[in-house]
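Please open the model in your viewer and keep the sequence panel visible. The tour below says what to select at each stop and what is there.

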Amino acid sequence: GCSLHPNVDRLTFSVVWELDEEGHVLSEWFGRSIIRSRSKMAYGVAQAMIDEQLHTAWSDAFSDEQLGHFDALGPFDGATVAELSGDVRAMHAIAQRLRARRYANGALSLHNVKLSFTCDAHGVPVSTRPYVTKSANHMIEEFMLLANERVARKLTASPLFADTGALLRNHPRPNERGLKKFAAFVRDAIGKEISTESSLAFARALDELKTAVSPPVFSALQDMATRPMNLAKYFSTGELPRSDWRHYGLSMDLYTHFTSPIRRYADVIVHRQLQCALYVDDEGGVEEARAKYALEFSGLPNSGALGVAADRCNVRKLAARKCQEGQALLLVCLLLQKQPSYNDAVVVSIGDRFITLYVPHYGVTERVFLGDLCNLNGWILHREKDEDVKGTLVLQWTEEYDE
């Protein structure tokens, strides 16, 4: 984005920490700042540094042709590739500890398959592959999560929002009935008992499943595990009791969105609230901070108005998500229309007239109606009494059917 252009001053809102080697915050500073990036690196460049393929020159890891795809690597302002590589590896080491601590505290990893498409000049897909997140992605994610969490703590600690409310983001517990249904499915289909009492217990159960079944089956189970999950939502702290502020998926008591004001309006609201909270620190009083804030903006919204803004942000975020998912499915359909392919699938349920399949390669779940299969003579479903999961489906194919 434009904020990453190197060798150019950019106005920002920053969170600056002093961290120890374990990632514990020793001190922090919030405030408006000016940054001047020394290099515009892609994830692939940072990954080469983490993998220690890149030390003193870009040519250590990339050919001239590959470097032509990167814009403004630099480095600038007297920096060297060696310095940048050392900084990235130090950040990665801390990020690994932050990530390990998050998962040890019960954070969930339920990322469904995301596809990356290659399109021709007309925007028609010609190939696809799963988008693989690597250590460089995780490194950036950890520091973004830490910034969001620390800003949430700063806002809720300020007396400014005792009455008006701060904009946070919560994630309610999953649907209990759905969780129990998933646990019953795992028990009946695989023979393993899993606990869903807390996010920590559920996370550990999923880790055990990952080692107990094949990757395609685990991918299908992970997709099924997301079904009972509620959506994370923005809210005003003045409208929800303290017990409802927690983010279940991240296993955090306080969380907000601060790091992406270019693409999310919620982050803009949080930036403004944080600035007013800093005015309280500077001016020594809530009313003085409000007066100073009013010179820049129209004033802080009350809890009701903030709740309306939060609801609007939730609606637009869900719409964007559905649009993104719909676009991916459309591109898959366009690709398969021109390039039909055979892929392995996992049967996740059977019915009297259908089979539900999960296709790991595309990350999609589809219901196949048996009556639509042209080479099928008939079928018989043997269902055990009072069982929703266990059963046997017998398919009778035509003699001409060629596997």
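Accessible areas here come from the Shrake-Rupley method with a 1.4 Å probe. On that basis the chain exposes about 23,200 Å², and carbon and sulfur atoms supply 51% of this area. The model is a predicted one.

**The whole chain**

Start with the full chain in view. Its C-alpha atoms fill a box of roughly 85 × 55 × 40 Å along the principal axes. Colour by secondary structure, and the chain shows 11 helices and 11 strands. Of its 403 residues, 37% are buried. If contacts between residues at least 6 apart in sequence are considered, 62% of them join residues at least 24 apart. Next, colour by charge. The chain has 45 positive and 51 negative charges, and the mean positions of the two sets are 4 Å apart.

**Stop 1: the hairpin of strands 1 and 2**

Select residues 9-19, which are strand 1, and residues 25-36, which are strand 2. The two run antiparallel and are joined by 11 bridges. To see one pairing, pick Arg-10, whose bridge partner in strand 2 is Ile-35. Strand 1 and strand 2 form a hairpin, with five residues between them. In that turn, select Gly-23, which has a positive phi of about 85 degrees.

**Stop 2: from Gly-23 to Leu-98**

Keep Gly-23 selected and add Leu-98, which is in helix 3. These two residues are 75 apart along the chain, yet their C-alpha atoms are separated by 5.9 Å. Is Leu-98 buried or exposed? Its relative accessibility is 8%, so Leu-98 counts as buried. Which residues does Leu-98 touch, leaving aside its neighbours within four places in sequence? The contacts are with Gly-23, Glu-142, Phe-143 and Leu-146.

**Stop 3: unusual backbone angles in two loops**

Most residues other than glycine have a negative phi, and most peptide bonds are trans. The next three selections depart from that pattern.

Go to the loop between helix 1 (43-50) and helix 2, and select Glu-52 there. Glu-52 is not a glycine, but has a positive phi of about 60 degrees.

Move on to the loop between helix 2 (64-67) and helix 3 (81-104), where Pro-75 is found. A cis peptide bond joins Gly-74 and Pro-75, with omega at about 0 degrees. Asp-77 is found in the loop between helix 2 and helix 3 as well. The phi of Asp-77 is near 55 degrees, a positive value in a residue other than glycine. Asp-77 is partly exposed, with a relative accessible area of 48%.

**Stop 4: helix 11**

Select residues 303-338, which make up helix 11, and find Glu-325 within this helix. Glu-325 is partly exposed, at a relative accessible area of 46%. Now add Lys-114 to the selection. Glu-325 and Lys-114 are 211 residues apart in sequence, while the distance between their C-alpha atoms is 9.2 Å.

**Stop 5: strands 7, 8 and 9**

Select strand 8, residues 354-359. Five of its six residues are buried, so this strand is mostly covered.

Add strand 7, residues 346-350, on one side of the pairing: four bridges join strand 7 to strand 8, and the two run antiparallel. Within this pair, Ser-349 stands opposite Thr-356. A hairpin of three residues links strand 7 to strand 8.

Then add strand 9, residues 364-369, which runs antiparallel to strand 8 and is joined to it by six bridges. Pick Phe-354 and look across to Phe-369, its bridge partner in strand 9. Strand 8 and strand 9 form a hairpin too, with four residues between them. Gly-363 in this turn has a positive phi of about 65 degrees.

**Stop 6: the cysteines**

Finally, select the cysteines and show their sulfur atoms. A disulfide is a covalent bond between the sulfur atoms of two cysteines. How many disulfides does the chain have? With a cut-off of 2.5 Å between sulfur atoms, the count is zero.

Two of the cysteines show why. The sulfur of Cys-276 is 19 Å from the closest cysteine sulfur, in Cys-313, which is too far for a bond. Cys-276 is buried, at 0% relative accessibility. For Cys-333, the closest cysteine sulfur is in Cys-119, 14 Å away, and that is also too far for a bond. Cys-333 is partly exposed, with 46% relative accessibility.

Terms used:
Residues numbered from 1 in each chain as written. Predicted model: local features only at pLDDT ≥ 70, side-chain atom pairs only at ≥ 80, totals over all residues. Heavy atoms only, no water. Pairing = 2+ DSSP bridges. Buried < 20%, exposed > 50% of the residue type's maximum accessible area, 1.4 Å probe, protein only. Contact = heavy atoms within 4.5 Å. Lys, Arg positive; Asp, Glu negative; His and termini not counted. Charge placed at Lys NZ, Arg CZ, Asp CG, Glu CD.
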